[in-house]
Amino acid sequence: MAYRVLGRAGPPQPRRARRLLFAFTLSLSCTYLCYSLLCCCDGLGQSRLVRGPRCLRAPKAGGQKLLPKSRPCNPPGPTPSEPSAPSAPAAAAPAPRLPGSNHSGAPKLGTKRLPQALIVGVKKGGTRAVLEFIRVHPDVRALGTEPHFFDRNYGRGLDWYRSLMPRTLESQITLEKTPSYFVTQEAPRRIFNMSRDTKLIVVVRNPVTRAISDYTQTLSKKPDIPTFEGLSFRNRSLGVVDVSWNAIRIGMYVLHLESWLRYFPLAQIHFVSGERLITDPAGEMGRVQDFLGIKRFITDKHFYFNKTKGFPCLKKPESSLLPRCLGKSKGRTHVQIDPEVIDQLREFYRPYNIKFYETVGQDFRWE
């Protein structure tokens, strides 16, 4: 078959055309792939498709794009030689966590510290009332339970003791109450070893009334115990008092005080009158605040007298629906005691009371 020759024209070459088409298609594909990689990869070269944030078009503000067209994706951050550009106002950054923050992100303010002040006694003297009243003060944080560290749990160590304390700010006082410390022989030395600057509060009460209150509390738990008269005397007809009974021995205040004065000066011990705490709670608490070196925040406006219980209660705080009174175990009616027994105990305590008044320089008028 003959062909016409027109210059370099020749028969069609289908193979060459397919090759050119394939090369052109491949070139377009590579160009698209490179463009995609530039737009959708972050500064570390990791694909945003692997569960990373996707590149979005820059939002507009006032009809102008916040980012220039040449930067379709937000960079991870400015380079050292590139100052950061001002940005639109953002939400406030979360506050930095303080030491001891919980896992929820809410900071726990303050630090757990060993107490700077202790209510060391006495049992059934009014220690719970003093604790609840002083806790109203914003500069005082107190442990609500009795840790019994310096008498029963001393072997657990100071770190364990500190862990029980509430968190306090530098301006606040940490305080705890355990009335049995006052009659524990080792307590003064142990507290002194913790801190010789510890301030001590002792709430005292007429020792006869205190003994009856102590017995009444025990009777409510153990109704089968002997009578008050039987426990108080070795020989009632001779007036021999049984000083081994704890309810009697606690009221011999001056004997226990001697142990404390071996380690602490009298100026570091404040005595609260249990009787005046009932008749003049604001006055007694004013003196407690002075002793602790804090402002007189607790005043008459915080108290009202509860006729049912027979002692003052705190008025209703703004955050509560009810006033704050001591529990049911406080203010219970005392058992009836033979007046002759009471007179005998008053005579027994008289010399101890007088010596106690002389030692502390305060007359509590229990006679």
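User: Let's start with strand 7. What makes both of its faces count as covered?

Analyst: This is a predicted model, and here is what it shows: I173, L175 and K177 sit on one side of strand 7, T174 and E176 on the other, and all of them are buried. The cut-off for buried is under 20% relative accessible area. With 5 of the 5 residues of strand 7 buried, the strand is largely enclosed by the rest of the structure.

User: And why is strand 4 called largely enclosed?

Analyst: The reasoning runs along similar lines. In strand 4, 5 of the 5 residues are buried, so the rest of the structure largely encloses it.

User: How do you know that strand 4 and strand 7 are paired?

Analyst: Pairing takes at least two bridges between the strands. Strand 4 and strand 7 (residues 173-177) have 3, in the parallel sense, so they pass. You can look the bridges up one by one: A117 is matched with L175, L118 with E176, and I119 with K177.

User: What makes strand 8 a partner of strand 4 too?

Analyst: There are 4 bridges between strand 4 and strand 8, and the two run parallel. That clears the minimum of two bridges, so they count as a pair. One of the contacts to look at is A117, whose bridge partner in strand 8 is K199.

User: What about strand 5 and strand 7, how many bridges join them?

Analyst: Strand 5 (residues 140-142) is joined to strand 7 by 3 bridges, again in parallel. In that pair, R141 stands opposite T174 of strand 7.

User: Which order do the strands take in the sheet?

Analyst: The order is 5-7-4-8-11, making an open sheet of 5 strands with parallel pairing.

User: Why do strand 5 and strand 11 count as edges?

Analyst: Each of the two has a single partner strand, so one side of each is left without a neighbour in the sheet. From one strand to the next, the twist averages 25°. Helix 10 (residues 281-292) packs on the sheet, where it touches strand 4, strand 7, strand 8 and strand 11. The direction of helix 10 makes about 175° with that of strand 11. On a scale that runs from 0 to 180 degrees between N-to-C directions, that value sits close to the top end, so the two point in nearly opposite directions.

User: Now the inside. Which residues have the most contacts in the largest nonpolar core?

Analyst: Those are V120, F150, W260 and F356, in a core of 30 residues. Strand 4 (117-121), helix 4 (187-194), strand 8 (199-204), helix 8 (253-261), strand 11 (269-273) and helix 11 (339-360) each give at least two residues to this core. Helix 8 provides the largest share, 4 residues. As background, nonpolar side chains tend to be buried together in soluble globular proteins.

User: What does F356 touch?

Analyst: Not counting residues up to four places away in sequence, F356 touches V204, Y253, V254, L257, F271, F364 and W366. Another core lies apart from the largest one, with 24 residues, among them A117, I134, I173 and L277.

User: Why is K124 called buried?

Analyst: K124 has a relative accessible area of 13%, and the limit for buried is under 20%, so K124 qualifies. K124 lies in the loop between strand 4 and helix 2 (127-134). UniProt, in an unreviewed entry, lists K124 for "active site"; such annotations may be inferred rather than shown by experiment.

User: What about K112: buried, exposed or partly exposed?

Analyst: The relative accessible area of K112 is 34%. Buried needs under 20% and exposed needs over 50%, so a value in between is partly exposed. K112 is found in strand 3 (residues 111-112).

User: Which residues is K112 in contact with, leaving aside its neighbours within four places in sequence?

Analyst: R162, S163, M165, P166 and R167. K112 and M165 are 53 residues apart along the chain, yet their C-alpha atoms are separated by 5.7 Å.

User: Zooming out, how many helices and strands are there in the protein chain?

Analyst: The protein chain has 11 helices and 13 strands. Of its 367 residues, 34% are buried. Among contacts with a separation of 6 or more, 68% are between residues 24 or more positions apart. The chain exposes about 23700 Å², with carbon and sulfur atoms supplying 56% of it.

Note on methods:
Residues are numbered from 1 along each chain as its sequence is written. This is a predicted model: local features need pLDDT of at least 70, side-chain atom pairs count only at pLDDT 80 or more; totals for chains, interfaces and linings use all residues. Side-chain values use heavy atoms; hydrogens and water are left out. A nonpolar core is a set of buried Ala, Val, Leu, Ile, Met, Phe, Trp, Tyr and Cys residues joined through side-chain atoms within 4.5 Å. Buried means under 20% relative accessible area, exposed over 50%, partly exposed in between (1.4 Å probe, protein chains only). Contact means heavy atoms within 4.5 Å. Accessible areas come from the Shrake-Rupley method with a 1.4 Å probe; for residues, only the protein chains shown count as cover.
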